[in-house]
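Hi,

Here is the structure I promised to pass on to you. Have a look at it first, and my notes follow below.

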Amino acid sequence: MKTTLMTTNEAIDPVFIFIFGASLVLLLGITAVMIWFVYRYHRSRSPKPTSAAEGNFWLEAVWIVLPTVLVLAMFYYGWAGFMSLRNVPAGAMAVDATARKWSWNFSYPGGRNSPKLYVPVGKPVKVNLTSLDVLHGFYIPAFRVKRDVVPGMANHVWFVATKPGSYDIFCSSYCGTGHSQMITTVEALSDEKFSAWLNEPTAAAPPHPGLKLLEQYGCLGCHSTDGTTKVGPTFKRLWGRVSVVLTSGTEHSVTVDEAYLKRSLAEPNADIVKGFAPAMPPFTLKDAEVTTLVDYFRSGGAAKGAAAVDGKEVAQKKGCLGCHSIDGSKSVGPTFKGLYGSQVKVNKGGKPLTVTADIPFLKESIIEPTATIVEGYQPIMPPFTDLSAAEIAALLKWLEELK
Ligand code: HEC
Ligand code: HEC
Ligand SMILES: [Cu+2]
């Protein structure tokens, strides 16, 4: 397929060659004349000035007009190239790029997210740039585009990949310790391969079988999955939550884990969640059903099978590994290795505390990183508000296994 569209390379390269060529000609010309003059007008050859010219109108006219024309030509070409970079061709595919310390995320209109920028060959792509924290720079040398990504400001670039292949993307503005790791690629694929990639069924996996059980037993009449409180507490982000319960009249807090869930199902009135009536009827469920439900809550309702979320993958995709190591070494943040279950010295609201890194603590550290700050580290971890419950559950499970 041949398009008449001018690519960013075609817009920029001639300008570069023109300015580079003009500079080269001037450099060589001036150097040559200078060397010639050094030789020709050496004191031994012409000890006394012989001419006392008053001026030369034509010579002066030429050295004013020629450079003016040259500089204006450079301006004109530069401006035209800049305009082609700013004017996105109609019908460009839009992709949202989000920069954060220290990773890129690309999200597509269909809801697909990726740490690499996949694009179809031969189609213009418009990349909308936003930053979640500090100033970054979006830079693809292969397509001659480079643009600042400024927090709170909408910006964009566009380009066309004319050949399939993998092209580097860099961050071009120093943005902290992990700046040099803020690297990813453009993956230019043929049309068929690109649409196959875009429509990979990661998003539309079949629902978790636990959801069917919740419907079948009428749990959803009293419990929501979206965070709203009904007759009972919501199931949203239930796993790992700290519930304040009343056990035979005494108040204490429990962490929602497997044992607690099993007890809540078998004897709903053993622990009554504070602020709720003891309205939940006991259910006699088969063991397999209980296992399915526990798994449903553990995974935050994520679909099973091929699409099951992998904690390590989430950590990579969301850029956690830019600040946290998994081999025990200290990085910008504490290492994940051996973190689960360890004693952590933290600062909470200005007070030093030692806490056990259990599921609720880790969960809070991820959702609300500034609530407790680990001693010896800067409070620079960004809040990850874009993590789904399933992703958080996968991260927690992975951290638990990483000990
Ligand atoms: C008639 C309404 C009703 C139905 C039906 C019901 N629940 Fe409940 N559930 C409640 C109430 C009210 C509470 C809070 C008081 C308590 O702890 O007993 C609760 C508490 C819970 C808790 C503890 C939540 C927490 O935040 O600690 C779990 C887990 C739970 N229910 C699971 C289920 C499951 C699974 C089903 C279906 C098999 C179900 N419920 C059906 C009303 C209901
Ligand atoms: C910009 C760097 C940065 C990124 C990205 C980042 N973190 Fe952190 N994280 C930190 C720093 C610094 C600390 C220690 C200070 C604090 O407690 O906030 C920390 C603390 C933590 C803790 C508590 C550790 C402990 O020793 O108690 C957990 C858990 C954690 N991060 C998980 C994550 C997860 C999961 C992600 C990805 C979703 C992530 N972090 C992304 C910098 C980062
Ligand atoms: Cu950056």
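To start with the overall layout of this predicted model: the centres of domain 1 and domain 3, taken over C-alpha atoms, are 75 Å apart. Those two belong to a set made up of domain 1 (8-42 + 57-86), domain 2 (93-198), domain 3 (209-305) and domain 4 (309-401).

Next, the ligand, which may interest you most. There are 27 residues around ligand 1, and the ones that come nearest are Cys219, Cys222, His223, Tyr260 and Met280. By class, that shell holds 20 nonpolar, 5 polar and 2 charged residues.

I also looked at the polar contacts:

- Tyrosine 260 has a side-chain N or O atom 2.5 Å from an oxygen atom of ligand 1.
- Histidine 223 places a polar side-chain atom 2.8 Å from a nitrogen atom of ligand 1.
- Arginine 241 has a polar side-chain atom 3.2 Å from an oxygen atom of ligand 1.

As for secondary structure, helix H5 (258-266) and strand E13 (271-273) are the elements that give two or more residues to the shell around ligand 1. The largest share comes from H5, with 4 residues.

Finally, a residue from another part of the chain: lysine 317, which lies in helix H7 (residues 311-317). Is lysine 317 buried or exposed? The answer falls in between: because its relative accessible area is 29%, lysine 317 counts as partly exposed. Its C-alpha atom is 27 Å from that of glycine 122, and the two residues are 195 residues apart along the chain.

Happy to talk it through whenever suits you.

Best wishes

Methods:
Residues are numbered from 1 along each chain as its sequence is written. Chains are lettered from A and ligands numbered from 1 in the order in which they are written. This is a predicted model: local features need pLDDT of at least 70, side-chain atom pairs count only at pLDDT 80 or more; totals for chains, interfaces and linings use all residues. Side-chain values use heavy atoms; hydrogens and water are left out. Domain bounds come from an automatic or database domain assignment. A residue is near a molecule or strand if one of its heavy atoms lies within 4 Å of it. A polar contact is a pair of N or O atoms within 3.5 Å; within protein, one must be able to donate a hydrogen and the other to accept it, and residues adjacent in sequence count only if both atoms are side-chain atoms. Ala, Val, Leu, Ile, Met, Phe, Trp, Tyr, Cys and Pro count as nonpolar, Asp, Glu, Lys and Arg as charged, and the others, Gly among them, as polar. Buried means under 20% relative accessible area, exposed over 50%, partly exposed in between (1.4 Å probe, protein chains only).
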